[in-house]
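Colleague: I've got this model open at the bench and I'd like a close look at one part of it. Could you walk me through it in plain words?

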Amino acid sequence: MDLPMESSRTNLLSPNCFYFLFVLLYRNSAAAAFTAPQAVKQSTALNAEAGRREFFGTAAAAAIGAFGVAAPASAVVDYEKLAYLGGSNVVDLNNANVRVYLKMPGMYPAVAGKIVSNGPYASVADVYKIKGLTDAEKDVLKKYESRFAAFTPSPDYVIDRINNGLYR
């Protein structure tokens with residue numbers, strides 16, 4: 001197999017070169033040399049997932065072996081206001097899930113449902129502008145008003161405000 005040459009120098013990050021390195025590392029690895037030959041398995045829908053996992057696991061191992069280290073992930077791991085999603089006394093009106101309000105008697109399910117369905121809020125005072133709030137519900141809100149905060153909505157948490165998939 002010849003390496004693809006676009007100029008006098010080989011581009012080591014091109015897909016063709018990566019494939020070549022993968023094949024070279026896989027076929028010439030010491031582990032492959034000492035493995036007993038395996039019987040050919042028929043491909044079915046049931047074992048297709050296992051085949052994909054094996055392929056991508058081998059490809060990842062080859063990439064790490066070829067380049068030395070794995071590329072760093074660029075995902076946001078920590079949300080700086082995570083405590084306000086239910087782990088503290090203060091609840092973020094814009095990002096907290098409806099189940100957080102279970103800790104506040106009288107809030108769940110009616111008032112909590114209205115809060116999460118009508119956001120986002122620029123300030124805590126905006127929750128009193130929800131249409132359809134009864135006087136009794138406003139009294140419950142007033143009781144817990146000191147425990148509310150209105151931070152900028154985060155797309156990672158707003159999507160799960162009404163239903164986060166946790167069931168009893």
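Colleague: Let's start with I130: is it buried or exposed? Take me outward from there, please.

Modeller: Happy to. Keep in mind that this is a predicted model. I130 is buried, since its relative accessible area is 8%, and the cut-off for buried is under 20%. You'll find I130 in the loop between α4 and α5. Leaving out residues up to four places away in sequence, I130 touches K114, I115, N118 and Y121. If you want a distance to check on screen, try I130 and S117: their C-alpha atoms are 9.6 Å apart, with their positions 13 residues apart in sequence.

That loop has another point worth a look. P120 is in the loop between α4 and α5 too, and the peptide bond joining G119 to P120 is cis, with omega about 0 degrees. There is also a cis bond on the other side of α4: Y108 to P109, with omega near 5 degrees. P109 lies in the loop between β1 (91-92) and α4 (110-117).

Now α4 itself. A110 lies in this helix, and at 42% relative accessibility A110 counts as partly exposed. The C-alpha atoms of A110 and L133 are 9.6 Å apart, although the two residues are separated by 23 positions along the chain. The buried residues of α4 are V111, A112, I115 and V116. Look down the helix axis and those residues fall within an arc of 125 degrees, so they line one face of α4. The general rule behind this is that an α-helix has 3.6 residues a turn, so residues three or four places apart point the same way.

What do the buried residues of α4 pack against? They pack against α5, so let's cross over to that helix. In α5 (135-144), the buried residues are E137, V140, L141 and Y144. Seen down the axis of α5, they fall within an arc of 100 degrees, so they also line one face of their helix. On the other side of α5, D135, A136, D139, K142 and K143 are exposed. The buried residues of α5 pack against α4 and also against β2.

These pieces come together in the core. The largest nonpolar core has 21 residues, and those with the most contacts inside it are L93, Y101, M107, I115, L141 and F148. Both α4 and α5 supply at least two residues each, and α4 gives the largest share, four residues. I115 is worth noting here: I115 is one of the residues touched by I130, and I115 is also among the buried residues of α4.

Two more names from that core deserve a stop, Y101 and F148. The structure holds one aromatic pair. The rings of Y101 and F148 form that pair, with centres 6.4 Å apart and planes at 65 degrees, so the arrangement is edge-to-face. Y101 sits in the loop between β1 and α4, while F148 is in strand β2 (residues 148-149), so the pair ties together parts that are 47 residues apart in sequence. Y101 and F148 are both buried. Setting aside neighbours within four places in sequence, Y101 is in contact with V91, D92, L93, M107, Y108, A112, I115, V116 and F148. That list takes in Y108, which is where the cis bond to P109 starts, and it takes in A112, I115 and V116, which are buried residues of α4.

Let me step back to the whole chain for a moment. The protein chain has six helices and two strands, and along the sequence they run α-α-α-β-α-α-β-α. Of its 168 residues, 24% count as buried. Among contacts with a separation of 6 or more, 59% are between residues 24 or more positions apart. The accessible surface is about 12,200 Å², with 59% of that belonging to carbon and sulfur atoms.

One last thing, on confidence. The chain averages a pLDDT of 74, and 52% of the residues score at least 70. Among the elements, α5 has the highest mean pLDDT, 96, while helix α2 (residues 30-33) has the lowest, 53. Where pLDDT is low, the predicted coordinates should not be read in detail.

How values were computed. Residues numbered from 1 in each chain as written. Predicted model: local features only at pLDDT ≥ 70, side-chain atom pairs only at ≥ 80, totals over all residues. Heavy atoms only, no water. Buried < 20%, exposed > 50% of the residue type's maximum accessible area, 1.4 Å probe, protein only. Contact = heavy atoms within 4.5 Å. Areas by Shrake-Rupley, 256 points an atom, 1.4 Å probe, with all protein chains shown as cover. Phe/Tyr/Trp six-rings, centres within 6.5 Å; stacked < 30°, edge-to-face > 60°. Arc of directions from axis to C-beta. Core = buried A, V, L, I, M, F, W, Y, C linked by side-chain atoms within 4.5 Å. pLDDT = per-residue confidence, 0-100.
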